[in-house]
Amino acid sequence: MNAMRQIKVDKVTVNIGVGEAGERLVKAQKVLEMVTGQKSVQTISRSVNRDLGIRVGMPLGCKVTLRGDSAVDFLQKALPIRERRIHEYSFDKEGNMSFGISDYTDFDGMKYDPEIGIFGMDISVVLRRAGNRITQRALLKRKTPKGHRIGRDEAIQYMTENYDIEVVE
């Protein structure tokens with residue numbers, strides 16, 4: 001097979017949305033650092049919602065972006081929690097996949113801490129082919145050709161073959 005056509009995991013983003021700054025956000029960051037082994041970054045509000053009391057620049061959650069081997073290792077830990085079953089609607093038309101985990105204590109080695117409480121998280125997986133850099137580079141930025149993009153069916157096939165998941169309708 002052509003090396004430029006091979007699909008790989010570009011990045012895995014783990015996100016916890018808290019909705020407010022303060023103590024709960026600090027606890028959520030601690031959970032992400034325990035689960036992923038990397039330092040988390042706060043996610044900041046870009047819009048105003050007066051009903052919820054959200055202002056521009058207000059921290060609302062935290063996230064960690066994993067790339068390379070650490071992304072693949074984390075994915076290998078997260079998929080068994082979902083019993084290797086992912087719904088078909090979790091895949092978008094660009095071949096990305098997202099799913100949620102309801103409790104961080106489902107990961108191996110994690111125990112419930114009454115000081116922290118229970119936090120769930122969203123996991124997003126981005127799949128790419130080699131040569132996708134043309135969309136992000138500074139000079140001569142181009143779109144990815146249509147034949148080189150990853151579709152929904154290709155992403156489902158890649159995940160079932162390489163990560164042994166079952167896609168449920």
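In which sense do β1 and strand β3 (residues 59–67) pair, and over how many bridges? Keep that in mind as you open the viewer; the model you are looking at is a predicted one.

**Stop 1: the sheet**

Select β1 and β3 together. They pair in the antiparallel sense, over seven bridges. Now add strand β6 (residues 121–129) to the selection. Strand β1, which covers residues 7–17, pairs with β6 in the antiparallel sense too, over eight bridges.

To see how β1 is held on both sides, click on V14. In β6, the residue opposite V14 is I123, while in β3 its bridge partner is V64.

Next, show the whole sheet. It is an open sheet of five strands in the order β2-β3-β1-β6-β5, with antiparallel pairing. Which strands form the edges? They are β2 (41–44) and β5 (97–101), each of which pairs on one side only. Turn the view a little and follow the twist, which averages 30 degrees from one strand to the next.

Zoom in on the β2 edge. β2 and β3 run antiparallel and are joined by four bridges. Pick I44, and you will find P59 of β3 opposite.

Now bring in helix α1 (residues 23–36). It packs on the sheet and touches β1, β2, β3 and β6. Compare its direction with that of β3: the two make about 10 degrees.

**Stop 2: a serine in a loop**

Select S45, in the loop between β2 and β3. Is S45 buried or exposed? Its relative accessibility is 6%, so S45 counts as buried. Show its side chain: a polar atom there lies 3.2 Å from the backbone oxygen of R55. Leaving aside residues up to four places away in sequence, S45 touches I54, R55, V56, G57, M58 and L60.

**Stop 3: salt bridges**

How many salt bridges does the structure hold? There are five, and we will visit some of them.

Start with R5 and E154, whose side chains meet in a salt bridge (3.9 Å, N to O). R5 lies in the segment before β1 and E154 in helix α3 (residues 152–163), so this pair ties together parts that are 149 residues apart in sequence. R5 is partly exposed, at a relative accessible area of 29%, and E154 is partly exposed as well, at 27%.

Then select R85 and E166. They form a salt bridge in which the closest N and O atoms are 3.5 Å apart. Because R85 lies in strand β4 (residues 85–87) and E166 in strand β7 (residues 166–168), the pair ties together parts that are 81 residues apart in sequence. R85 is partly exposed at 38% relative accessibility, and E166 is partly exposed at 41%.

Now go back to R5 and E154 and add R129 to the selection: salt bridges that share partners join R5, R129 and E154 into one network.

For one further pair, select R24 and E20, where the side chains meet in a salt bridge (3.7 Å, N to O). R24 has a relative accessible area of 40% and is partly exposed; E20, at 35%, is also partly exposed.

**Stop 4: two rings**

The structure holds two aromatic pairs. Select Y158 and Y163 to see one of them. The ring centres are 6.2 Å apart and the planes stand at 65 degrees, so the pair is edge-to-face; planes over 60 degrees apart count that way. Y158 is buried, with a relative accessible area of 13%, and Y163 is buried too, with 5%.

Methods
Residues numbered from 1 in each chain as written. Predicted model: local features only at pLDDT ≥ 70, side-chain atom pairs only at ≥ 80, totals over all residues. Heavy atoms only, no water. Phe/Tyr/Trp six-rings, centres within 6.5 Å; stacked < 30°, edge-to-face > 60°. Buried < 20%, exposed > 50% of the residue type's maximum accessible area, 1.4 Å probe, protein only. Pairing = 2+ DSSP bridges. Axes fitted to C-alpha atoms, helices over the stretch in contact; angles between N-to-C directions. Contact = heavy atoms within 4.5 Å. Polar contact = N/O pair within 3.5 Å; in protein donor to acceptor, adjacent residues only side chain to side chain. Salt bridge = Lys/Arg side-chain N within 4 Å of Asp/Glu carboxyl O.
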